[in-house]
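Open the model in your viewer and keep the sequence panel visible. The tour goes from one selection to the next and says what is there.

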Amino acid sequence: MSEAGRLSQPGELDALMADVAGGDETAFRRLYDRMAGKLFAVIRRIAGSEAAAEEALQETFLRIWNHADRYDPALASASTWMVTIARHAAIDLIRRGPERVSAAAVAIDDELADRLAGPAPADGLEARGLSRCLDGLEPDRRQMVLLAYCQGWSREELSRRFDRPVPTVKTLLRRSLIALKECLGGR
């Protein structure tokens with residue numbers, strides 16, 4: 001019988017889960033081969049990007065490895081249990097989006113990033129100055145800065161939106177922040 005045919009037999013996933021709960025790495029690899037595609041499809045529908053989906057898939061399998069002993073076949077099928085973990089991993093990833101973005105971001109001037117992401121400045125002159133400086137950027141760069149630092153878009157999401165490679169997006173963001181800083185008098 002082929003590997004795919006054998007794995008599709010009822011109870012095969014339950015047996016793999018039991019082996020994974022016992023720390024069997026070979027069973028874990030077989031479980032990954034069997035379920036990664038399905039779980040990735042579930043996650044991809046929730047996550048905003050392919051890169052985010054890959055990150056959530058990795059987190060999903062880490063959770064499966066760490067908690068396989070909690071799986072109870074009397075409560076749900078192994079597939080349902082893993083899909084639930086995948087959905088939760090994807091939702092968790094979305095919820096911590098701004099943290100993920102800032103962790104992956106290129107180093108930027110913290111003070112300037114705080115100004116962009118923070119509440120409106122109390123000083124009207126400062127707000128007008130920032131607005132004037134933003135207006136001085138090329139329209140696509142201004143939109144890129146606002147999406148990145150006010151709405152938490154990742155570099156990958158900006159790459160797709162502006163049809164530019166991720167390294168180019170990083171460079172444009174960095175240059176835009178430098179231009180904003182210079183426009184604000186280097187403050």
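## A loop residue to begin

Select D163, which is exposed because its relative accessible area is 71%, over the 50% cut-off. The model is a predicted one. D163 sits in the loop between helix 10 (155–162) and helix 11. Check the backbone here: D163 has a positive phi of about 55°, although it is not a glycine. For comparison, most residues other than glycine have a negative phi.

## Into helix 11

Next, select helix 11, residues 166–183, and find S176 within it. Is S176 buried or exposed? S176 counts as buried because its relative accessibility is 2%, and the cut-off is under 20%. Now show the polar atoms of the side chain: one of them lies 2.7 Å from the backbone oxygen of L172. Then add L137, R141 and V145 to the selection. S176 touches these residues, when those up to four places away in sequence are not counted.

## The whole chain

Zoom out and colour by secondary structure. The protein chain has eleven helices and zero strands. Read from the N terminus, every element is therefore α, in the order α-α-α-α-α-α-α-α-α-α-α. The chain has 187 residues, and 35% of them count as buried. Among contacts with a separation of 6 or more, 61% are between residues 24 or more positions apart.

The next stops are pairs of helices. Two packed helices are described by the angle between their axes and the distance between the axes.

## Helix 2 against helix 3

Select helix 2, residues 12–21, together with helix 3, residues 25–46. The two pack at an angle of about 140°, and their axes are 8 Å apart. Helix 2 and helix 3 are therefore oblique to each other. Their crossing is left-handed.

To see the contact, show side chains on both helices. On helix 2, pick E12, L13, L16, M17, D19 and V20. On helix 3, pick A27, F28, R30, L31, R34 and M35. By class, this contact has eight nonpolar residues, four charged residues and no polar ones.

Stay with this pair and select E12 and R30. Which kind of contact joins the side chains of R30 and E12? A polar contact of 3.3 Å joins them. E12, in helix 2, counts as buried because its relative accessibility is 12%. R30, in helix 3, counts as partly exposed because its relative accessibility is 23%. The cut-off for buried is under 20%, so E12 at 12% falls within it, whereas R30 at 23% does not.

Keep R30 selected and add V20, ten residues away along the chain. The C-alpha atoms of R30 and V20 are separated by 9.8 Å.

## Helix 3 against helix 4

Hide helix 2 and show helix 4, residues 50–67, beside helix 3. This pair packs at an angle of about 140°, with the axes 10 Å apart. Helix 3 and helix 4 are therefore oblique to each other. The crossing of helix 3 and helix 4 is right-handed.

For the contact, select E25, F28, L31, Y32, M35, A36, L39, F40, I43 and R44 on helix 3. On helix 4, select E50, A53, E54, A56, L57, T60, F61, I64 and W65. These residues divide into 14 nonpolar, one polar and four charged. F28, L31 and M35 are among the helix 3 residues in this contact, and F28, L31 and M35 also meet helix 2.

## Helix 2 against helix 5

Bring helix 2 back and show helix 5, residues 78–95. What is the angle between helix 2 and helix 5? They pack at about 60°, with their axes 8 Å apart. That angle makes helix 2 oblique to helix 5.

The residues to select are L13, D14 and M17 on helix 2 and A78, S79, W81 and M82 on helix 5. By class, the contact has five nonpolar residues, one polar residue and one charged residue. L13 and M17 take part in this contact, and L13 and M17 also meet helix 3.

Notes:
Residues are numbered from 1 along each chain as its sequence is written. This is a predicted model: local features need pLDDT of at least 70, side-chain atom pairs count only at pLDDT 80 or more; totals for chains, interfaces and linings use all residues. Side-chain values use heavy atoms; hydrogens and water are left out. Helices (H or I, at least four residues) and strands (E, at least two) are DSSP runs, numbered from the N terminus. Buried means under 20% relative accessible area, exposed over 50%, partly exposed in between (1.4 Å probe, protein chains only). Axes are lines fitted to C-alpha atoms, for helices over the stretch in contact, and angles run from 0 to 180 degrees between N-to-C directions. Angles under 35 degrees count as roughly parallel, over 145 as roughly antiparallel, 65 to 115 as roughly perpendicular and the rest as oblique. A crossing is left-handed if the near helix is turned anticlockwise from the far one by less than a right angle, and right-handed if clockwise. Contact means heavy atoms within 4.5 Å. Ala, Val, Leu, Ile, Met, Phe, Trp, Tyr, Cys and Pro count as nonpolar, Asp, Glu, Lys and Arg as charged, and the others, Gly among them, as polar. A polar contact is a pair of N or O atoms within 3.5 Å; within protein, one must be able to donate a hydrogen and the other to accept it, and residues adjacent in sequence count only if both atoms are side-chain atoms.
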